[in-house]
Amino acid sequence: PPSASALDISCWVLTDKESWWRNNISHAVGAPHFHALHTVPYHTAAQRIRDAGVDILVDLNGHTLGSGLPVLAYRPAPLQLTFLGYPQTTGAASVDYVIADPLVIEPTTVHSSYSERVGLLPLGVSYLANDYAQLLGHVLHEPATTTTIAATTTTTTTTTEREYEYVYE
């Protein structure tokens, strides 16, 4: 497999809205790899992605505001995935995989109802990883106004491929 340094990662953005996520991602990938497509029609955005030679295209919004699914419909990359924004099937023939963890998508029950193949992250690797300290730092420093009571339940599910243990708190 290629090393991370051998990968050419770029971002194709369909909105001009400023956000914490946009600022951090654009900084991480650098200006030459950050492409704003909010001023062009979907077919033009798809052609620019195709012309750039993108091999794997990942939509991070799914069926949410600013979705890249209309661009994926033009099939600008040979392999197209959806991840993070919508953890269920898109129902779109142009999406090859949906990526999630076994807690978000139950591995034994939903595969036949998805239009995509389901790519499951290993158990223990979270589908939704947030940096709440940076994103909501102002909230973390306010005094608590409620009391939280946690209970732990453990359930084990066995499939023909692996055994999954779910822990709910």
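Helices (H or I, at least four residues) and strands (E, at least two) are DSSP runs, numbered from the N terminus. The model on your screen is predicted, with local features needing pLDDT of at least 70 and side-chain atom pairs counting only at pLDDT 80 or more, while totals for chains, interfaces and linings use all residues. Residues are numbered from 1 along each chain as its sequence is written, and side-chain values use heavy atoms, with hydrogens and water left out.

Begin with the whole protein, which has 5 helices and 8 strands, and follow the chain through the pattern β-α-β-α-β-α-β-β-β-α-α-β-β.

Next, select valine 58, which you will find in strand 3 (residues 56-59). Valine 58 counts as partly exposed because its relative accessibility is 38%, where buried means under 20% relative accessible area, exposed over 50%, and partly exposed in between (1.4 Å probe, protein chains only). Add Ile56 and Leu60 to the selection, and you have a nonpolar patch on the surface that, together with Val58, has about 250 Å² of accessible area. Patches consist of residues with over 30% relative accessible area and no salt bridge, in which like charges are joined within 9 Å and nonpolar side chains (Val, Leu, Ile, Met, Phe, Trp, Tyr) within 5 Å; the areas come from the Shrake-Rupley method with a 1.4 Å probe, and for residues only the protein chains shown count as cover.

Now move to the start of helix 1 (residues 20-29), where a side-chain oxygen of serine 19 reaches to within 3.0 Å of the backbone nitrogen of arginine 22. Keep arginine 22 selected and add glutamate 18, since the two form a salt bridge whose closest N and O atoms are 4.0 Å apart; the term stands for a side-chain nitrogen of Lys or Arg within 4 Å of a carboxyl oxygen of Asp or Glu. Glutamate 18 is exposed, with a relative accessible area of 55%, whereas arginine 22 is buried at 16%. Just after helix 1, select glycine 30, which takes a positive phi of about 85°.

A search of the whole structure finds 2 salt bridges, and another stop is the one in which the side chains of arginine 75 and aspartate 96 meet (2.7 Å, N to O). Arginine 75 lies in the loop between helix 3 and strand 4 (79-83) and aspartate 96 in the loop between strand 4 and strand 5, so the pair ties together parts that are 21 residues apart in sequence. Arginine 75 counts as partly exposed at 33% relative accessibility, while aspartate 96, at 19%, counts as buried.

Definitions and conventions. A polar contact is a pair of N or O atoms within 3.5 Å; within protein, one must be able to donate a hydrogen and the other to accept it, and residues adjacent in sequence count only if both atoms are side-chain atoms.
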